[in-house]
Amino acid sequence: MTIESTKRRTPAVTTAGASTVRRRTVGDRQKTAQRLLRSTADRSYDGELDIDWDAPIDPDKKWMPEHRQSLYGTKLWDKLTKEQRNELGKHEAASVLSFGIYAESGLSTMLLRGILESGSLADDHARYALAEIGEETRHSTMFSRLVNITGVKPYLMPKGARKFLRLAGLIPIGPSSFAGTLLIEELLDRLQREAMNDPELQPHMRQLMKIHVLEEARHITYAREELVRAIDARGKASNAFHRLVFAVMVLGVYPVLVNPLVYRSVGISPLEGFLAAMTSPNYRVNATFAGEPLLRFGHEVGMLDGAVTRRIFKLSRSVPQDILAELDRNRKAS
């Protein structure tokens, strides 16, 4: 049985992105929750059943598009054989999936905190948050199964990074919480929308991407509206703090998607591979591609404003050039 004829059904996913929410025009919170709950009930998937985990791996298929691999376009890449490039792609895919499990767990924790702190446990907004937690849990289960399929051990984050994640739980829930949620969801959504219909990729990976993209569209709608509400509910000082936190998140997220230990799989030292990836001209191409939808929305709602924030975003190399130019013009005019 092929992966395309799964045990239940295959989600049909369009290439259209999640709907954009304009600042000051977000809908009623409860009505949005009701709509998302109906969508969840109507179009939810379970990776345990909707991916044929018994289907064999195709040795001729790739694990991720070559042009999105971290060493693509470098001298180290030119030295790799076709087999080594595919092996590195498999390890990078396992690293991204491992990071996804950490990220989904963090998002679920934030949603639980929001429910507990809201004082409203039995309305549609709280119910949708619980429904989203359920979906994030199934996504993490799906990610972990695919890591097992690769035959690669999960790539654990360094202890220091894991401690930092625990400290992040001390940051008050606000604009940076929802912007951080969008950072993970939209970054993965952007990369997966590009790759999920690529016939050269492993069928297991393509099916996972289709399921994830379909369900993350709801999560993105929810988080975008909550981000706008959180900004409007706070003053200048609080929003400036949350902008700074978000800028640091953007600076750090793309470099940690791929654990430097993956380079050992093709005989490259982690430090040499990391430096080559970080200094590659392709780094900006990939970072900008992955972050563009979120950062355009973030710019629209004011999350890229502020002198310090602007400098950090420039360092991230993920902001589209036209937005950077507009930020510079605004700075000179102020």
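How many nonpolar, polar and charged residues does the lining of the largest cavity have? It has 22 nonpolar, six polar and three charged residues. The structure is a predicted model.

**Cavities**

Two cavities of 30 Å³ or more turn up in a search of the whole structure. The table sets them side by side.

| Cavity | Volume | Lining residues | Nearest the centre |
|---|---|---|---|
| Largest cavity | about 480 Å³ | 31 residues | M64, R68, V96, L191 and L257 |
| Second largest cavity | about 80 Å³ | 13 residues | L187, V250, V253, A287 and S318 |

Several helices build the wall of the largest cavity. Helix 4 (82–118), helix 7 (175–195) and helix 8 (203–232) are among those that each supply at least two lining residues. Helix 9 (236–257), helix 10 (270–279) and helix 11 also each supply at least two. One of the residues nearest the centre of this cavity is R68. By class, Arg counts as charged.

The second largest cavity draws on helix 7, helix 9 and helix 11, each with at least two lining residues. Which helix gives the largest share of this lining? Helix 11 does, with six residues. The lining of the second largest cavity divides into ten nonpolar, three polar and no charged residues. S318 and A287 are among the residues nearest its centre.

**Helix 11 against helix 13**

Helix 11 spans residues 281–300, and helix 13 spans residues 321–333. Their axes come within 9 Å. They cross at roughly 55 degrees, which makes helix 11 oblique to helix 13. On the helix 11 side, the contact uses R284, L295, R296 and H299. Helix 13 answers with Q321, D322, I323, E326 and L327. What classes do the residues of this contact divide into? Three are nonpolar, two polar and four charged.

**Aromatic pairs**

How many aromatic pairs does the structure hold? There are four. One pair joins F246 and F313, with ring centres 5.7 Å apart. Their planes stand at 65 degrees, so the pair is edge-to-face; the cut-off for that class is over 60 degrees. The pair links distant parts of the chain. F246 sits in helix 9, and F313 sits in helix 12 (residues 307–316). The two residues are 67 residues apart.

**Recurring elements**

Helix 9 carries F246 of the edge-to-face pair. Helix 9 also helps line the largest cavity and the second largest cavity. Helix 11 likewise supplies lining residues to the largest cavity and to the second largest cavity, and R284 in helix 11 is among the residues that meet helix 13.

Definitions and conventions: Residues are numbered from 1 along each chain as its sequence is written. This is a predicted model: local features need pLDDT of at least 70, side-chain atom pairs count only at pLDDT 80 or more; totals for chains, interfaces and linings use all residues. Side-chain values use heavy atoms; hydrogens and water are left out. Axes are lines fitted to C-alpha atoms, for helices over the stretch in contact, and angles run from 0 to 180 degrees between N-to-C directions. Helices (H or I, at least four residues) and strands (E, at least two) are DSSP runs, numbered from the N terminus. Angles under 35 degrees count as roughly parallel, over 145 as roughly antiparallel, 65 to 115 as roughly perpendicular and the rest as oblique. Contact means heavy atoms within 4.5 Å. On a 1 Å grid over the protein atoms alone, a cavity is a set of points where a 1.4 Å probe fits but cannot get out, and a pocket is an open set with protein on both sides within 12 Å along at least five of seven lines; lining residues have an atom within 4 Å of a point. Grid points are joined across faces, edges and corners, and a volume is the space filled by probe spheres set on the points. Rings of Phe, Tyr and Trp (its six-membered ring) pair if their centres lie within 6.5 Å; planes under 30 degrees apart count as stacked, over 60 as edge-to-face and the rest as tilted.
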